[in-house]
Amino acid sequence: MKKIIILLLFATANLQAQDNKAFDVGEWFKFRIHYGLVNAGYATLEVKEATKNGKKVFHAVGNGYTTGMTKFFFKVNDDYQSYFDKKTGQPYQFVRKINEGGYTKNQEGFFNQSANNVLVKDYKKNSEKTISVPENVQDIVSSFYFLRNHPTIDKLKVGESIVIDMFFDDETTKFKLKFMGREVLKTKFGKVNTMIFRPYVQAGRVFKEEESLTVWISDDENRIPLRIKASLAVGSLKADLDGYKGLIHPFKIIADK
């Protein structure tokens with residue numbers, strides 16, 4: 001439960017200019033989160049519009065929170081945001097405000113893509129620092145949206161992987177995403193053709209193994225995240241799409257539920 005938004009956003013792609021075809025301003029997703037058999041909370045992802053440096057950009061907002069009895073035992077209230085370019089997908093700014101069982105962070109990061117650095121302001125510690133990053137680095141939220149517009153994401157062969165540079169927790173890591181194949185997935189909306197991906201994550205404190213996370217994405221022009229499963233160091237987590245609106249393409253359901 002501690003990594004709701006991170007689990008939903010662990011999907012990325014290699015970096016190049018691209019046309020936006022998979023989403024637009026007004027798109028909204030809601031996910032139901034289960035920890036084991038318990039309905040533990042919800043997460044939402046929404047695409048808004050903002051202005052940065054006099055230019056219209058995408059503003060993606062992700063929120064995760066516990067509900068019911070779960071919030072009394074382990075309260076989560078996470079806010080992840082990214083401002084990124086409508087054409088290239090490159091991020092301008094990220095926001096990370098989290099409260100996970102009393103563990104808190106309050107940070108903003110400002111990307112200078114031409115200088116290849118990120119100015120990170122930590123409001124909790126009242127500090128700031130500039131960190132060097134590789135060219136075309138992505139933050140965790142912008143990378144998810146970048147993937148959905150990648151021109152060859154639906155052409156990968158089973159076993160092939162994509163590797164990118166992702167900035168998170170004040171450092172850049174090489175993030176590897178492996179295509180596992182296709183599957184017809186039963187959802188609350190009906191049966192849907194999906195692509196399955198397995199992001200490689202760091203084993204240890206949160207995840208049980210490097211291949212502990214699996215993501216199902218709709219095999220259509222929307223490339224909607226439909227299901228996420230994770231084997232955690234303690235227990236397991238599952239997130240299913242529970243609601244949506246603002247899609248720019250028809251949601252292709254092949255059979256009623």
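1. In this predicted model, His34 has Lys238 of β15 as its bridge partner, and the two strands concerned, β1 (residues 28–35) and β15 (residues 236–245), pair in the antiparallel sense over eight bridges.

2. Strand β1 also pairs with strand β2 (residues 38–52), again in the antiparallel sense and over eight bridges. Within that pairing, Phe31 is matched with Ala43 of β2 as its bridge partner, while the hairpin that β1 and β2 form has two residues between the strands, and there Gly36 takes a positive phi near 65°.

3. Arg148 deserves a separate look, and the reader may ask whether this residue is buried or exposed. Arg148, which is found in helix α3 (residues 140–148), has a relative accessibility of 2% and therefore counts as buried, the cut-off for that class being under 20%.

4. As for the surroundings of Arg148, its side chain reaches the backbone oxygen of Asn222 at 3.0 Å. Once neighbours within four places in sequence are left aside, the residues in contact with Arg148 are Ala22, Phe23, Glu27, Phe29, Asn222 and Arg223, of which Phe29 falls in the residue range of β1.

5. Turning to the protein chain as a whole, its secondary structure comes to three helices and 15 strands, and buried residues account for 51% of its 257 residues. Of the contacts between residues at least 6 apart in sequence, 52% join residues at least 24 apart, and the accessible surface of the chain comes to about 12100 Å², with 48% of that belonging to carbon and sulfur atoms.

How values were computed. Residues are numbered from 1 along each chain as its sequence is written. This is a predicted model: local features need pLDDT of at least 70, side-chain atom pairs count only at pLDDT 80 or more; totals for chains, interfaces and linings use all residues. Side-chain values use heavy atoms; hydrogens and water are left out. Helices (H or I, at least four residues) and strands (E, at least two) are DSSP runs, numbered from the N terminus. Buried means under 20% relative accessible area, exposed over 50%, partly exposed in between (1.4 Å probe, protein chains only). Contact means heavy atoms within 4.5 Å. Accessible areas come from the Shrake-Rupley method with a 1.4 Å probe; for residues, only the protein chains shown count as cover. Two strands pair if DSSP finds at least two bridges between them. A polar contact is a pair of N or O atoms within 3.5 Å; within protein, one must be able to donate a hydrogen and the other to accept it, and residues adjacent in sequence count only if both atoms are side-chain atoms.
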